[in-house]
Amino acid sequence: METSQLLELSQQYLMSTYARQPVIFTRGAGAILWDNEGRKYLDFACGLAVCALGHCHPHLVEAIQKQSRELLHVSNLYHIKPQIELAQRLVENSFADKVFFCNSGAEANEAAIKLARRYAWGKWGGQRYKIITCEKSFHGRTIATITATGQSKFQTGFSPLLEGFSYVPYNDISALEAAIDHQTIAVMLEPIQAEGGVNMPDPGYLEDVRRLCDQHHLLMILDEVQTGIGRTGRLFGYQHHGIEPDMISLAKGLGGGVAIGALLAVDKVAQAFVPGTHASTFGGNPLACSAALAVLDVVLQNDFLPNVQAVGQYLEHSLTQLKNKYAFIQEIRGIGCIWGMELDRPAAPIISACLKAGLVIVTAGEKVLRFLPPLIIGQEHVDQTIAILDGVLGESYAQEVHQ
Ligand SMILES: Cc1ncc(COP(=O)(O)O)c(C=O)c1O
């Protein structure tokens, strides 16, 4: 079928929840994608930070094939071997004692919100239930998680939202302290605000949040849906800060392209979930857990995360050279394999032009180009990306000069 026909059918049959790019990817390998007409693209978005090992990594493909021949699904009414092994692997490599599995980032955050409330209910009765989150945050698209998300554009038209949330500016510890009251139970935030613009925490900020949480007996919940599983050059984003949260939510990179979410928590909090309090039919099924185990096999190899750090520094250096060249680039920020380039203009036309030139990147907010390459990239991928981006930005600059 012709591409134009497929695009028409897409519009006819799918709810228009996305402003999709007019491209149909049909194949991928490593950091490369091909569309249905055989055109080749460099993928520096990796399915929104999901394909951590790139496309069709042989170890991941083999694990999925093997598991699908043995057992896809049985439900959580029974014990599931890969689920137990995955929970053990996550616990042994983090602050956490216990894991709950689900299918997405929103669900992992939903579980975090429910667990925080249930824990507070057990500790203080129903009197305390409020959660503080940050402006410009993004926590998902369910009613609870759009309420947690401190951006009104995701909430418009969905009232009444959930009760008990308030928002403070990211990196403003005084505002956070002022927002805590006798009903507050938790603070929930991202170690890097990803969708909100790749906003980095100031030095000491997450440590200060931890200190405030301890002082006021609040739970510190970190949304690591985008920053987790090596994206920042450490397995988890919190590990850059010398602190331990009480809970983290994971999804995206955990399954490397297979849908899985997870909530990790310390034991005293996790105990608030008992049989019947929370559940998920698909959560942690054999297929998803085998995929996640394969991802972790690779990410936890000795030289993997140091490589992410090294290529991340090279990407920073290369993006900074572009910033020095074009005055309309305001700032470069990020770490590891998550980078934002803030422009003084809308990012969307640049994203479209990059796609036409064979580079897949995404936005983060209106004016930020976001780079989320697979964690397996090398310097050659960075060089190719910068060459394409330079060409596109150069045209944007030329148009500006001619106006
Ligand atoms: C930090 C963060 N939390 C939660 C989510 C929601 O994840 P999902 O789309 O898997 O529900 C996202 C998705 O972009 C995210 O970046």
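Where is the place of Pro160?

The model is predicted: local features need pLDDT of at least 70, side-chain atom pairs count only at pLDDT 80 or more, and totals for chains, interfaces and linings use all residues. Residues are numbered from 1 along each chain as its sequence is written, and side-chain values use heavy atoms, with hydrogens and water left out.

**Exercise 1. Locate Pro160 and describe the peptide bond that joins Ser159 and Pro160.**

Step 1. Pro160 sits in the loop between helix H6 (143-148) and strand S6 (165-168). Helices (H or I, at least four residues) and strands (E, at least two) are DSSP runs, numbered from the N terminus.

Step 2. The bond between Ser159 and Pro160 is cis, with omega about 0 degrees.

Step 3. Most peptide bonds are trans, and most residues other than glycine have a negative phi.

**Exercise 2. Place Lys136 and Ile229, and give phi for each.**

Step 1. Lys136 belongs to the loop between strand S5 (130-134) and H6. Its phi is positive, near 65 degrees.

Step 2. Ile229 belongs to the loop between strand S8 (219-223) and strand S9 (247-250). Its phi is also positive, about 60 degrees, although Ile229 is not a glycine.

**Exercise 3. Describe the surroundings of the ligand and its polar contacts.**

Step 1. There are 13 residues around the ligand (a heavy atom within 4 Å). Gly105, Ala106, Asp223, Gln226 and Lys252 come nearest.

Step 2. Sort the shell by class: three residues are nonpolar, six polar and four charged. Ala, Val, Leu, Ile, Met, Phe, Trp, Tyr, Cys and Pro count as nonpolar, Asp, Glu, Lys and Arg as charged, and the others, Gly among them, as polar.

Step 3. Helix H5 (residues 105-124) gives the most to this shell, with three residues.

Step 4. List contacts between N or O atoms within 3.5 Å. A polar backbone atom of Ala106 is 2.8 Å from an oxygen atom of the ligand. A polar side-chain atom of Glu195 is 3.2 Å from an oxygen atom of the ligand, and a backbone N or O atom of Phe138 is 3.3 Å from a nitrogen atom of the ligand.

Step 5. On its own the ligand has 400 Å² of accessible area (Shrake-Rupley method, 1.4 Å probe), of which the protein covers 82%.

**Exercise 4. Give the strand order and the edge strands of two open sheets.**

Step 1. One open sheet of four strands has the order S1-S2-S3-S13, with mixed pairing. Two strands pair if DSSP finds at least two bridges between them.

Step 2. Strand S1 (25-29) and strand S13 (359-360) are its edges, each pairing on one side only.

Step 3. S1 runs antiparallel to strand S2 (residues 32-35), with four bridges. Ala29 has Ile32 in S2 as its bridge partner.

Step 4. Another open sheet of four strands has the order S11-S12-S15-S14, with antiparallel pairing. Its edge strands are strand S11 (329-335) and strand S14 (362-363), each pairing on one side only.

Step 5. S14 and strand S15 (residues 368-371) are antiparallel and joined by two bridges. Thr363 has Leu369 in S15 as its bridge partner.

Conventions: Polar contact = N/O pair within 3.5 Å; in protein donor to acceptor, adjacent residues only side chain to side chain.
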